[in-house]
Amino acid sequence: MMLSRCAILCLLVIPPVFGADPALTIYNQNFAVIRETIPLTLKAGTSSVNFSGATAHVEPDSVMLRDPSGKNVLRVLEQNYRNDPISQDLLLKLNEGKTIDFLVSAMDGSRRLVRGRIVRSGYVPHWEAMQRFGAQYQASQSAMVSGGAGQPLIEVDGKLQFSRPGQPLFPSLEGDTILQPTLTWMLYSPQAAKFDAELSYVSGGMSWNADYNVIAPEVGDTLELVGWVTLENQCGRPFEHARIKLMAGEVNKIQPGGYERLQSFANISKGAVMPGPVTEKEFEDYHLYSLPEATTLLDRETKQVEFFRGAGIQSRRYYVYDGLRLTTNYSGYQDFRNIYEIGSLSNPHVRTMREFANSKANHLGVPLPKGRVRFYRRDQDGQMEFTGENEIDHTPKDEMVRVYIGNAFDLTGEHRRTHFEYDQSRAFVDEAYEVKVRNHKNEAATVRVVEHLFRWSTWKITQESMQHRQLDSSTIEYEVTLQPNEEKIVTYTAHYSW
């Protein structure tokens, strides 16, 4: 009997020996598909098999177990998933109502045992409730903890206290206690078989994203660009010598509390040159990036891999002055035609922008996944100085990359309304603006003055000091070139009718 119980405990504790490297396909929406090989030895009829190598964030209903060769018929009659591995809080829960020893350490280094009865453990299961109820559970848990349900309640010498008197000393583990998240299967096989089965499942707690470092020289705007893939593992188990792929595309994934479209990037050119260690291929309606070598991804580890490097990228730095500043006093539906105050405020800041073509002729020509872009410029002493950062959206090849990186110190703007006339009976508004831009730099600068025609959908410019360019149905732009220490004024009048 003792040998049998020992064998059962060993079966629960020791993870299976994998027959091949695990394979991970990671999505950048905090989940992954995990595939690994496990050896199975089955008798004819039903067999019970335990697998204690699953993650703490496995989706149990996504588990698939099969013989990849197709030679053995394998039916899963029943599957059970337990994710209550041993912890001090869980052992307190299992011993509620019992009296155990607590080891108390004094300041002088001496120790003594204190007997205490566990009235309440304070144990609050977390992951499964979070997976099912999300933010609702998190809010209820906060209320529960603040109300005391998350605190242990121990009786010592007939008195209650909301803390452990010392380090708890627990009795031996019982036979059904697990040390790791465990999948238990009842499998049916028509004959005895021994083979390597493929196990695959969806797990939360894993993600990836792209980051870019862009370097400009001391003088000029020819850039170097280095792209990184950042992998993060928070799933509760390590993966040693794993083959890793990154899925790119628009994937639908049901989230707790409803449906959510998970967006990544797609439309990647199959012929694009991807320097560096990461390769790309089409897969279904998506694309897969593959790391060429197996790598170890530990639990709670963040790992970075270079996936793109480019040089000789021609770029342009330019400036945008968007002088209109709207207040937040207007909410809901408002008839902006007759509210005089709107448009009277001025924004003084001129934005610094950087743009470059994502084309093969410009030494790029590959889709750039959404991510953070950091800009640096080399100083005369050789050091690289940080000059700004922002995020780009998924950018296909042959599109322009435009990034706002900060406000120019020596460029300022002034936006002033000079005329406003509203006539309800004749159904029109006339509005005029004067826009000043000033250059305090020691070099010439070109500023794009952006104006918004927000009063009504039907409008025309009846007077202007220079020719505008229409950007969309309600936005125009003036391009102003300023010499050092020069100020220029743009004026225009807009006529709205309905």
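Modeller: A word on terms before we start: strands here are DSSP runs of E with at least two residues, helices are runs of H or I with at least four, and both are numbered from the N terminus. This is a predicted model.

Colleague: OK. Where is glutamate 414 found, then?

Modeller: Glutamate 414 belongs to strand β27, residues 400–423.

Colleague: What is glutamate 414 in contact with, leaving aside neighbours within four places in sequence?

Modeller: Its contacts are Tyr321, Ser346, Glu434, Val435, Lys436 and Arg438. Valine 350 is 64 residues away along the chain, and its C-alpha atom is 9.9 Å from that of glutamate 414.

Colleague: Why does glutamate 414 count as partly exposed?

Modeller: Because its relative accessible area is 29%, and partly exposed covers values between the 20% and 50% cut-offs.

Colleague: Another glutamate. Is glutamate 306 buried or exposed?

Modeller: Glutamate 306 is buried, because its relative accessibility is 18%, with the cut-off for buried at under 20%. It is part of strand β21, residues 301–322.

Colleague: Which side chain does the side chain of glutamate 306 make a polar contact with?

Modeller: That of arginine 309, at 2.9 Å.

Colleague: Changing topic. Which residues touch the most other members of the largest nonpolar core?

Modeller: Ile26, Leu40, Leu65, Trp185, Met206, Ile244 and Leu246, out of 56 residues in that core. Strand β13, residues 206–216, gives the most to it, with 6 residues.

Colleague: And what is methionine 206 in contact with, neighbours within four places in sequence aside?

Modeller: Among its contacts are Leu24, Ile26, Phe31, Ile34, Phe239 and Leu297, and also Asn30, Glu232 and Asn233. There is a second, separate core of 28 residues, including Leu411, Tyr433, Phe454 and Tyr478.

Colleague: On to sheets. What order do the strands take in the open sheet of 5 strands?

Modeller: The order is β9-β8-β7-β6-β10, and the pairing is antiparallel. β9 (159–161) and β10 (167–169) are the edges; each has a single partner strand, so one side of each has no neighbour in the sheet. From one strand to the next the twist averages 40°.

Colleague: How many bridges join β6 to β7?

Modeller: There are 7 bridges between β6 (residues 99–105) and β7, which run antiparallel. One pairing there sets threonine 99 against its bridge partner in β7, arginine 117.

Colleague: What comes after β7 (111–120) in the loop to α3 (127–133)?

Modeller: Serine 121 is found in that loop. At 2% relative accessibility, serine 121 counts as buried. Outside its neighbours within four places in sequence, serine 121 is in contact with Asp89, Leu92, Lys93, Glu96 and Pro152.

Colleague: And which strands make up the open sheet of 3?

Modeller: β3, β11 and β5, in the order β3-β11-β5 and with antiparallel pairing. β3 (45–51) and β5 (75–82) are the edge strands, each pairing on one side only. Direction ignored, neighbouring strands of this sheet are turned by 15° against each other on average. Between β5 and β11 (residues 182–189) there are 7 bridges, and asparagine 80 stands opposite threonine 184 in β11.

Colleague: Last one: which residue takes a positive phi in the hairpin of β25 and β26?

Modeller: Glycine 382, with phi near 95°; the hairpin has 5 residues between its strands. β25 (residues 371–378) and β26 (residues 384–392) run antiparallel, joined by 8 bridges. Arginine 374 stands opposite glutamate 389 in β26.

Notes. Residues numbered from 1 in each chain as written. Predicted model: local features only at pLDDT ≥ 70, side-chain atom pairs only at ≥ 80, totals over all residues. Heavy atoms only, no water. Core = buried A, V, L, I, M, F, W, Y, C linked by side-chain atoms within 4.5 Å. Buried < 20%, exposed > 50% of the residue type's maximum accessible area, 1.4 Å probe, protein only. Contact = heavy atoms within 4.5 Å. Polar contact = N/O pair within 3.5 Å; in protein donor to acceptor, adjacent residues only side chain to side chain. Pairing = 2+ DSSP bridges. Axes fitted to C-alpha atoms, helices over the stretch in contact; angles between N-to-C directions.
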